Structures are given as C-alpha cells and as structure tokens.
Amino acid sequence: TASKANSLWIGSDGILTDASFLRLKSISLSYRWSAATLQRMHLPCLQDMSFSIEANNLLTWTPYRGGDPEIQSAVVFPPLKSIMAGLRIKFQPRKPALSMTDQSCSNR
C-alpha cells in the first residue's frame with residue numbers, strides 16, 4: 001500500500017544526500033585615490049575619490065542537486081546574488097578667483 005511504501009522510504013537512507021557546500025558569501029573591494037594622485041591625473045578640482053564594489057552570494061560549489069544546500073528544502077529559493085558598486089567624489093572647497101586668467105577650480 002501507499003502508506004507502507006511511504007514508511008519504508010522514510011525509514012531508509014534513500015532520501016539522504018551529500019549536502020556539503022562551499023559558498024563565497026560576501027566579498028568587497030575598494031580603492032581610494034589621494035589628492036596627490038588626482039593632481040597627477042590632472043583632476044585638480046577633486047580632493048578625494050574612491051570606488052567600491054561588493055558582491056553577495058556570488059558562488060556556491062556543491063554536489064547537492066536541490067535548491068540551497070544550506071536550507072535543504074525544495075520550496076525555498078536559493079539566496080539571491082547581488083552586486084553593488086559605488087563611487088565617492090569629494091571636491092576641493094571653492095576659493096575666490098584671484099584674476100580672470102586664474103585656471104584653478106574656483107574659476108570653472
């Protein structure tokens with residue numbers, strides 16, 4: 001009968017599977033340019049600049065065939081992958097122009 005087959009299935013190791021996994025959960029990288037570097041790059045109006053990128057749930061290595069080896073449920077979706085990037089720019093404070101031929105940031 002169906003109930004006997006179900007109890008035999010639950011009592012066996014036929015439903016066990018290898019759910020080991022290795023996950024790259026979160027990684028971030030940022031870089032900052034100093035004022036001196038920005039001067040050499042011919043960007044005198046910038047005082048500071050930085051760039052950052054962050055990724056979550058990027059990779060999962062597993063022999064598990066289900067959705068998410070961490071949860072082991074067929075009705076739960078795997079975690080969403082997300083990638084975020086940002087750019088922060090800090091400008092030099094404005095200074096009064098000394099002359100009409102002044103080529104500093106305040107005259108632009």
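**Close-up views of a predicted model**

**View 1. The aromatic pair of Tyr31 and Trp33.** Tyr31 counts as exposed, because its relative accessibility of 51% is over the 50% cut-off. The coordinates come from a predicted model. The structure holds one aromatic pair. Its members are Tyr31 and Trp33, in an edge-to-face arrangement. The ring centres lie 4.9 Å apart, and the planes make an angle of 75°. That angle gives the edge-to-face label, which starts over 60 degrees. Trp33 is partly exposed, with a relative accessibility of 21%. This value falls between the buried limit of 20% and the exposed limit of 50%, so Trp33 takes the middle class.

**View 2. The surroundings of Asn57 in strand E2.** Strand E2 covers residues 46-61 and includes Asn57. Is Asn57 buried or exposed? Asn57 is buried, because its relative accessible area is 13% and the limit is under 20%. A polar atom of the Asn57 side chain lies 3.1 Å from the backbone oxygen of Leu80. Leu80 is also listed among the residues that Asn57 touches. The others are Arg23, Leu24, Lys25, Pro79 and Lys81, with residues up to four places away in sequence left out.

**View 3. A nonpolar patch on the surface.** Seen here are Leu29, Phe51, Ile53, Ile83, Leu87, Ile89 and Phe91. Together these side chains' residues carry about 700 Å² of accessible area. Strand E2 and strand E3 (82-91) are the elements that give two or more residues to the patch. Which element gives the largest share? Strand E3 does, with four residues.

**View 4. Phe51, a patch member in strand E2.** Phe51 is found in strand E2, the strand that also holds Asn57. Phe51 is partly exposed, at 36% relative accessibility. Patch members need over 30%, so Phe51 clears that cut-off. Asn57, by contrast, is buried at 13%.

**View 5. The whole protein chain, for orientation.** The chain has two helices and three strands. From the N terminus on, their order is α-β-α-β-β. How much of the chain is buried? Buried residues make up 14% of its 108 residues. Among contacts with a separation of 6 or more, 67% join residues 24 or more positions apart. The accessible surface comes to about 8800 Å². Carbon and sulfur atoms account for 62% of that surface.

Terms used. Residues numbered from 1 in each chain as written. Predicted model: local features only at pLDDT ≥ 70, side-chain atom pairs only at ≥ 80, totals over all residues. Heavy atoms only, no water. Buried < 20%, exposed > 50% of the residue type's maximum accessible area, 1.4 Å probe, protein only. Polar contact = N/O pair within 3.5 Å; in protein donor to acceptor, adjacent residues only side chain to side chain. Contact = heavy atoms within 4.5 Å. Patch = residues over 30% accessible without salt bridge, like charges linked within 9 Å, V, L, I, M, F, W, Y side chains within 5 Å. Areas by Shrake-Rupley, 256 points an atom, 1.4 Å probe, with all protein chains shown as cover. Salt bridge = Lys/Arg side-chain N within 4 Å of Asp/Glu carboxyl O. Phe/Tyr/Trp six-rings, centres within 6.5 Å; stacked < 30°, edge-to-face > 60°.
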